[in-house]
Amino acid sequence: MGVSEASENSPGTEAMGISEENEVPQTISSSDEKFVSAWNTMFELLFREIATIYYPLKGVVPSIENNVIQVKVKNEMMKDNFESRVRLALEYLRNNFDQRIDDIQVEVESNPAQTSKLIYDTQDKMNDLNKENPDLPEFLKILNLSAKDM
């Protein structure tokens, strides 16, 4: 019995799940086509009926760092709605894509520059119209019109 025959018949380190080489575990990339496909399928299945999540995040592929998927949402309500389905999402992705996915983290994007005034009075409306059409004051003057507060 030669050396090669002995190694074929006896359980080696590979049969026990131990690699002879020092392999570095591969990281999952958000640009991986298989991940994008699995993510989009999971997203359709789990979030289609939750409009506050589905429409803003449809087609958005989250980033992945150290096998943790990082999803960014706009507000706390979206975060709560998404987190209610995180366990199901993890289960789907682990079963249909890769067992190495550790977790899904949901964080709220804070962007204070997006604040805007929601209630307009007549003067605000006129200012906006004047910005869009600088000739509006002259037009109103020609027609002898004025904007009055109601």
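Rings of Phe, Tyr and Trp, with the six-membered ring taken for Trp, count as a pair if their centres lie within 6.5 Å. By this rule the predicted model holds eight aromatic pairs. A pair of aromatic rings is described by the distance of the centres and the angle of the planes.

One of the pairs joins W39 and F82. The centres of the W39 and F82 rings are 6.5 Å apart, and the planes are at 20 degrees. The pair is classed as stacked, because planes under 30 degrees apart fall in that class. W39 belongs to helix α2, residues 33-47. F82 belongs to helix α4, residues 76-83. With these positions 43 residues apart, the pair links distant parts of the chain. Both partners meet the criterion for burial, which is a relative accessible area under 20%. W39 is buried because its relative accessible area is 2%. F82 is buried because its relative accessibility is 0%.

A second example is the pair of F43 and F47. Here the centre-to-centre distance is 5.2 Å and the angle between the planes is 35 degrees. This pair is tilted, because an angle of 35 degrees is neither under 30 nor over 60. F43 and F47 both lie in helix α2, four residues apart, so about one helical turn separates them. Both F43 and F47 are buried.

These four residues also appear in one aromatic cluster. The cluster is formed by F35, W39, F43, F47, Y54, Y55, F82 and F97.

Helix α2 also packs against helix α5, residues 86-96. The two axes come within 10 Å and cross at roughly 140 degrees. Helix α2 is therefore oblique to α5, since only angles over 145 degrees count as roughly antiparallel. The crossing of α2 and α5 is right-handed. On the α2 side, the contacting residues are A38, W39, T41, M42, L45 and L46. On the α5 side, they are L88, A89, Y92 and L93. W39 thus takes part in the contact with α5 as well as in the stacked pair with F82.

The overall fold comprises seven helices and three strands. Along the sequence, the order is α-α-α-β-β-α-α-β-α-α. The protein has 150 residues, of which 23% count as buried. Contacts between residues at least 6 apart in sequence were also examined. Of these, 64% join residues at least 24 apart. The exposed area of the protein is about 11600 Å². Carbon and sulfur atoms supply 50% of that area.

Notes:
Residues are numbered from 1 along each chain as its sequence is written. This is a predicted model: local features need pLDDT of at least 70, side-chain atom pairs count only at pLDDT 80 or more; totals for chains, interfaces and linings use all residues. Side-chain values use heavy atoms; hydrogens and water are left out. Helices (H or I, at least four residues) and strands (E, at least two) are DSSP runs, numbered from the N terminus. Buried means under 20% relative accessible area, exposed over 50%, partly exposed in between (1.4 Å probe, protein chains only). Contact means heavy atoms within 4.5 Å. Accessible areas come from the Shrake-Rupley method with a 1.4 Å probe; for residues, only the protein chains shown count as cover. Axes are lines fitted to C-alpha atoms, for helices over the stretch in contact, and angles run from 0 to 180 degrees between N-to-C directions. Angles under 35 degrees count as roughly parallel, over 145 as roughly antiparallel, 65 to 115 as roughly perpendicular and the rest as oblique. A crossing is left-handed if the near helix is turned anticlockwise from the far one by less than a right angle, and right-handed if clockwise.
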